[in-house]
Amino acid sequence: MFSRLTGWLSNDMAIDLGTANTLVYVKGRGIVLNEPSVVALAEVRGRKQVLAVGNEAKQMLGRTPGNIHAIRPLRDGVIADFEVAEEMIKHFIRKVHNRRSFASPLVIVCVPSGSTAVERRAIQESAEAAGARKVYLIEEPMAAAIGAGLPVTEPTGSMVVDIGGGTTEVAVLSLGGIVYARSVRVGGDMMDEAIINYIRRHHNLLVGEGSAERIKKEIGCACPPEQGDGETMEIKGRDLMNGVPKEIVISQRQIAESLAEPVTAIIDAVKVALEHTAPELAADIVDKGIVLTGGGAMLHNLDFVLRHATGLPVSIADDPLSCVALGTGKALEEMKKLRNVLTTMY
Amino acid sequence: MFQRAFSRGQTQVRGEFKDTGVGRLLCATRMRLGKDLQYIAQVLHIRYTYLVAIEDGRYEDLPGQAYALGFVRAYADHLGLDGDEVVRRFKEETTGLRRKAALDFPIPTPDSGIPSGLSLLGAVLLGMAVYGSWYAITRPTRTLALVQEVPTRLTAPKEQPVAESGQAPTEATAEEAAAENTPPPTGPTVPTDTAADTQPPEQTATLSPPPESTEPPDVLELRAKVDSWIQVRKGESILLTKLLKKGDTYRVPEPHGLTLMTANAGSLDVLVNGDVMAPLGDSNTVASGIPLEVDHFKPTE
């Protein structure tokens, strides 16, 4: 009774709880929040208290004193730190409701298709503990496909590749369901890690996660340029030989080399999914191609590489970063119609 | 719109060409660069027909908005154009045409189970209508069957036992139980003239009882002083098993050779023609095999 009463005072929400970014869609308002999934905790008299969440906390990553910890509570698309994740969701719910403390919204959260029941339960429980009245889960590839505007309910095969921060979801959908899905723990984070490792190996320079992400966004490329070294960028870090700060110039060709491993892993996942696709659906996919969504889809020339590796037309969705959030939001808006794509762990 | 012919590599295409910005832009750029559309289709792995549709402005022939945007962007990028700008213009052009993917999930048809509320209501109303019709049709027939006229020959014997016996309703129940073995009442209960009507004259002469037998037979009754369980047998077969409540009376039927068994011999009064006979035994003692004959019981001293 009480939860129903508080439900009237709340705005129902769809949350794309991503490893790198969390997007919040509010019913009737659209995407209202897009912030990094980072929480900064301060230790005050032995007790941990939330200092900052989102953009503010991200700026603290790698720059914190001893008593402050900037944490990313999600790893590989699932919750790595239950309590911090709960605090983060609580913060987003309160932010959406202008700090009203009665808020008890209905929440739809997307989960990777490859996540286990335990991981899904953890996500659901976190949202419930954060104050959600009712929590539904939706699989990321389905949300991405709906958000990208693919004809998922028609009797025709659609292939979506959602490259997120922690995972890459490859799925074939038809008639409102997932025919085949494959989730690999390769994404933006692994690309950042590959860049860090490459620079450390080849330049003896240690750069942070933030710098690696910036390099990826600016000159990251899935394949080396046809001619020359391509664009260049100045990067700063700590020299591993003498321990002093150092600045070097890195080229697009080098970054493409560093990203070869995660890009190959994505291509392999797509190829495996195609191998497991029924012939009729494969015929549809040959005709229409693959749609890329997620932040990883914005990696320069990734569509070109996938097109040549698979021999299929590859399209990047319109606004790939928001596809999952938009799809989850659509499920929230048209909940009666899309009820069969929503699940709950209880 | 205008007719125009132009070369698309090896294929000569003639057709109506819509005056569309993006299609014309892409076509013009491709021709300026001297690129073959078949070759571009091969490089981009996009079907040739779709590229032709984009150039001709036949956007409804493309598989869907999401795919169309990707095709246009890839084609524009391949020609060295600003993909984002071309896509923006393409979106503007297709605002009216844009087909949103309809999210109508297939719902399985219920093969059995609970029917819908409307059909359930319909069925109930139909059932009520059928019952009402049946009731209306069959009502007069049933009334006639219930009030059948009693034949005149049965009127007199029916009244006589009631008037003579004056039995309590409980006795009637006991009598009914034993009625199967009881022959129908003979001469004294049936008026002579009625019997004469139904029987042949010679048979009446032979079957009619002697004058002394016309006297009413002795009436043997058992009356319960307290609640008593009794069982009446004829030989091995049980005629009656009953719990007589305090004050209940059981009239022993005519046929002889009946025996009585009771769980409390002292609880029963034996009445012969209304006179109380000696008790069957002590209280709380089981008495069995007591012959229900008038001669067997002695009057109380």
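Let's start at Met128(B), a residue in helix α6 of chain B, which covers residues 117-146. Keep in mind that this is a predicted model.

**A patch on helix α6**

Is Met128(B) buried or exposed? Met128(B) is exposed, with a relative accessible area of 56%, because anything over 50% counts as exposed. Met128(B) also has company: together with Leu121(B), Val124(B) and Leu125(B), Met128(B) makes up a nonpolar patch on the surface. Taken together, the residues of this patch have about 410 Å² of accessible area.

**Aromatic rings**

Now for the rings. Over all chains, the structure holds four aromatic pairs. Here are two of them, side by side.

| Pair | Centre to centre | Angle between planes | Kind |
|---|---|---|---|
| Tyr59(B) and Phe90(B) | 4.8 Å | 80° | edge-to-face |
| Tyr131(B) and Trp134(B) | 5.8 Å | 35° | tilted |

Take Tyr59(B) and Phe90(B) to begin with. Tyr59(B) sits in the loop between α3 (48-56) and α4 (65-78) of chain B, while Phe90(B) belongs to helix α5 (residues 83-93) of chain B, so this pair ties together parts that are 31 residues apart in sequence. Both Tyr59(B) and Phe90(B) are buried.

The pair of Tyr131(B) and Trp134(B) takes us back to helix α6 of chain B, where both residues lie. They are three residues apart, which is about one turn of the helix. Why is this pair called tilted? The planes of the two rings stand at 35°, and pairs count as tilted because their angle is neither under 30 degrees (stacked) nor over 60 (edge-to-face). Trp134(B) itself is partly exposed, with a relative accessible area of 46%. Tyr135(B) joins in as well: Tyr131(B), Trp134(B) and Tyr135(B) form one aromatic cluster.

**A sheet in chain B**

Chain B also has an open sheet of four strands, in the order β5-β4-β7-β10, with antiparallel pairing. Which strands are at the edges? They are β5 (237-244) and β10 (287-291) of chain B, each of which pairs on one side only. From one strand to the next, the twist averages 20°.

As a bit of background, the strands of a sheet pair through backbone hydrogen bonds, and that can happen in a parallel or an antiparallel way. How many bridges join β4 of chain B to β5(B)? There are seven, and the two strands run antiparallel, with β4 spanning residues 228-234. For one example, look at Ile230(B): the bridge partner of Ile230(B) in β5(B) is Lys242(B).

Definitions and conventions:
Residues are numbered from 1 along each chain as its sequence is written. Chains are lettered from A and ligands numbered from 1 in the order in which they are written. This is a predicted model: local features need pLDDT of at least 70, side-chain atom pairs count only at pLDDT 80 or more; totals for chains, interfaces and linings use all residues. Side-chain values use heavy atoms; hydrogens and water are left out. Patches are made of residues with over 30% relative accessible area and no salt bridge: like charges are joined within 9 Å, nonpolar side chains (Val, Leu, Ile, Met, Phe, Trp, Tyr) within 5 Å. Accessible areas come from the Shrake-Rupley method with a 1.4 Å probe; for residues, only the protein chains shown count as cover. A salt bridge is a side-chain nitrogen of Lys or Arg within 4 Å of a carboxyl oxygen of Asp or Glu. Buried means under 20% relative accessible area, exposed over 50%, partly exposed in between (1.4 Å probe, protein chains only). Two strands pair if DSSP finds at least two bridges between them. Axes are lines fitted to C-alpha atoms, for helices over the stretch in contact, and angles run from 0 to 180 degrees between N-to-C directions. Rings of Phe, Tyr and Trp (its six-membered ring) pair if their centres lie within 6.5 Å; planes under 30 degrees apart count as stacked, over 60 as edge-to-face and the rest as tilted.
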